[in-house]
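Subject: Structure handover

Hello,

Here is the structure for you to look over. My notes come after it.

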Amino acid sequence: MAVEEKNKAVLSRGRTLIMVLSLVLFLPPLAVIFQASSSDIDFCGTWCPRMFFAVRQGAGLGEIAGGIMRSYLGVALVAGVLVSTFFFGRYWCSHFCPIGGAGELGSKLTPAKMKLDYSSIPAAPVRYGYLLVYCAAPLLGLGSLCCSYCNFAAVPSLFGAAFVSADLDYFLRFYGIINLVLFLLLAVLARGGRAYCNFLCPIGALDALSARFGQGIGRRVRVTAERCTACGSCREVCPTWAISLESTAKVDQLSCFPCRKCEKVCPEGAIRYGKAK
Amino acid sequence: MKFSTIALFSLSVVISAVAAHYRFHDSAHAIGMLKIGGGTARHPAVLDKERDSHVLIATAGVVPPFRGNARVVLEGGRGLSATFHNAEPAVNLGLHHRPEFRGDTYYDLRPKDRIALWVRITRNDKLESISSQIGASVPAGADALTDCPQHPAGSGLPAGKNRSAGPALAFYDTATNDRLLGIPLRFVASGGASHGR
């Protein structure tokens, strides 16, 4: 319990600070992580966490291996994220992902009246429909969602556009405008700021599967049914609309990440982060 | 499983498939390798022939043992000009080697470097038409596609090797004038599905 309380203090109370730090480390103007580790300046390159699992039709083992080697740091990042999620929950998504964090922080700055509420749309079917096409379309030669619709390219360009011509060029084309609009509608203007993560992030989709498969073993946000009065406070603050109310609150591990806002607001102390009892 | 879940999943698949299939050809992205003997791109860059301006994003890694400078040219056709913007850090922390890009040339490329070049391509059709009417030649530099691979006058180097037919974004070793990478450009009718086929 002591360890869980300590985690709560650092990762729960310091979450906003961690997200801001993540922006500084990953995004322009500094992009420290990329500048320190490679000659890249953003996720598009050695750190690309998405392209390696969008395999093109007719690609041989050499091309697949080449794709993995080209973005080996992105591959390592995804592997690390999936393994850590299995045991500890989706901390990458909730705390460390600079792209999701940028959307959520942007949403915090948006007046409540302007926010769009997507919580009536079940996220999982949308997300896995998108993931299916993301993987299958290039494999079947139908086309590709990879790169064209990538907020991991759009958000760094948005932060860098004031400084670098190449980043400004990103938005002088249809895909740049589409990605900008998607980011605004599904992140900055979305209640909770995480609709893009919930609907259209392939890594988030894989991460959610890892969270689901590991829920019996790893630490997760859980509801103690005996204490829950189904007051709905937790559902109101959940950025990923992962909580449903029946006789008690229920957490969908396919959408939940441990931001632990629900834990903070629960008047009964019925929500905890930990292993299954 | 609920009917609404299946319906939403199906709708998501359909919309995503349409989005994946349809491409806006005002821009394209090509990935390749800069290497001695000539690297190739993963697939050609496909652009809309009806448009007057395009954005091409070319990313490439430098394969050992190449080391040196590389000049970038848009070659193999007429009527287009290009401006180049290298993707650089907003604030260069100097933590890692980075080649310098000036004008149309990368300087001090080293093995395992990676470049990301944004190329704004613009048609010069109107300029050419006006020039022919008044009997004047197109100003030097207005058409980047003619007689490439050009080389700075007086260099004494032979014409570039490995030149291919059709438009291409090409990178040439400034020391030998050998092609290090060629990215074919294909101009197609507006919109559509082709993605590097």
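Below is what turned up, topic by topic.

Please keep in mind that this is a predicted model.

**Interface**

Start with the contact between the chains. Chain A puts in 48 residues and chain B 44 residues. Together the two chains bury about 3900 Å². Carbon and sulfur atoms account for 60% of that area. On the chain A side, three residues stand out: A:Gln35, A:Ser39 and A:Arg56 supply 17% of the area that chain A buries against chain B, more than any other three residues.

The polar side of the interface is as follows. There are 17 residue pairs in polar contact across it, both partners at pLDDT 80 or more. Helices 3 (32–37), 4 (61–70), 8 (123–140), 10 (165–169) and 11 of chain A each bring at least two residues to the side that touches chain B. Helix 8 of chain A gives the most, with eight residues.

Two salt bridges cross between chain A and chain B. One pairs B:Arg120 with A:Asp169, with the closest N and O atoms 2.4 Å apart. Another salt bridge pairs A:Asp40 with B:Arg114, at 2.6 Å between the closest N and O atoms. A:Asp40 sits in the loop between helix 3 and helix 4 of chain A, and B:Arg114 in strand 9 of chain B, so this pair joins two chains. Both A:Asp40 and B:Arg114 are buried.

**Salt bridges within chain A**

Over all chains the structure holds 13 salt bridges. Look at A:Glu104. Its side chain meets that of A:Arg194 in a salt bridge, 2.7 Å from N to O. A:Arg194 is in the loop between helix 11 and helix 12 (195–200) of chain A, and A:Glu104 is in helix 7 of chain A, so the pair ties together parts 90 residues apart in sequence. A:Arg194 and A:Glu104 are both buried.

A:Glu104 also forms a salt bridge with A:Lys261, where the closest N and O atoms are 3.5 Å apart. A:Lys261 belongs to helix 15 of chain A and A:Glu104 to helix 7, so this pair links parts that are 157 residues apart in sequence. The burial of the partners is as follows. A:Glu104 has a relative accessible area of 1% and is buried. A:Lys261 is partly exposed, at 23%. A:Arg15, A:Glu104, A:Arg194 and A:Lys261 are linked in a network of salt bridges.

**Nonpolar cores**

The largest nonpolar core has 39 residues. Those with the most contacts inside it are A:Leu27, A:Phe43, A:Trp92, A:Ile99, A:Phe152 and B:Trp118. Several elements of chain A each supply at least two residues of this core, including helix 2 (15–26), helix 5 (72–88) and helix 7 (98–108). Strand 4 (53–62) and strand 9 (114–123) of chain B do so too. Helix 9 of chain A provides the largest share, four residues.

What does A:Phe152 touch, leaving aside its neighbours within four places in sequence? Its contacts are A:Phe43, A:Pro49, A:Arg50, A:Cys97, A:Ile99, A:Cys201 and A:Ile203. Apart from this core lies another, of 35 residues. Among its members are A:Tyr118, A:Val126, A:Tyr128 and A:Ala195.

**Cysteines**

There are zero disulfides over all chains. Why is A:Cys256 not bonded to A:Cys262? The sulfur of A:Cys262 is the closest cysteine sulfur to that of A:Cys256, but at 6.3 Å it is too far for a bond. A:Cys262 is in no disulfide either; the nearest cysteine sulfur, that of A:Cys259, is 6.0 Å away. A:Cys256 is buried, at 9% relative accessible area. A:Cys262 is buried, also with a value of 9%.

**Backbone points to check**

Most residues other than glycine have a negative phi, and most peptide bonds are trans. Here are the exceptions I noted.

- The peptide bond from A:Pro28 to A:Pro29 is cis, with omega near 10°. A:Pro29 lies in the loop between helix 2 and helix 3 of chain A.
- The bond from B:Pro64 to B:Pro65 is cis, with omega near 10°. B:Pro65 is in the loop between strand 4 and strand 5 (68–75) of chain B.
- A:Cys147 has a positive phi of about 75°. This residue is in the loop between helix 8 and helix 9 of chain A, and is partly exposed, at 29% relative accessible area.
- A:Arg260 has a positive phi near 65°. A:Arg260 lies in the loop between strand 3 (249–251) and helix 15 (261–265) of chain A, and counts as buried at 1% relative accessibility.

Best wishes

Terms used:
Residues are numbered from 1 along each chain as its sequence is written. Chains are lettered from A and ligands numbered from 1 in the order in which they are written. This is a predicted model: local features need pLDDT of at least 70, side-chain atom pairs count only at pLDDT 80 or more; totals for chains, interfaces and linings use all residues. Side-chain values use heavy atoms; hydrogens and water are left out. A nonpolar core is a set of buried Ala, Val, Leu, Ile, Met, Phe, Trp, Tyr and Cys residues joined through side-chain atoms within 4.5 Å. Buried means under 20% relative accessible area, exposed over 50%, partly exposed in between (1.4 Å probe, protein chains only). Contact means heavy atoms within 4.5 Å. A disulfide is a pair of cysteine sulfur atoms within 2.5 Å. Buried area is the accessible area (1.4 Å probe) that two parts lose on being put together, summed over both. A salt bridge is a side-chain nitrogen of Lys or Arg within 4 Å of a carboxyl oxygen of Asp or Glu. A polar contact is a pair of N or O atoms within 3.5 Å; within protein, one must be able to donate a hydrogen and the other to accept it, and residues adjacent in sequence count only if both atoms are side-chain atoms.
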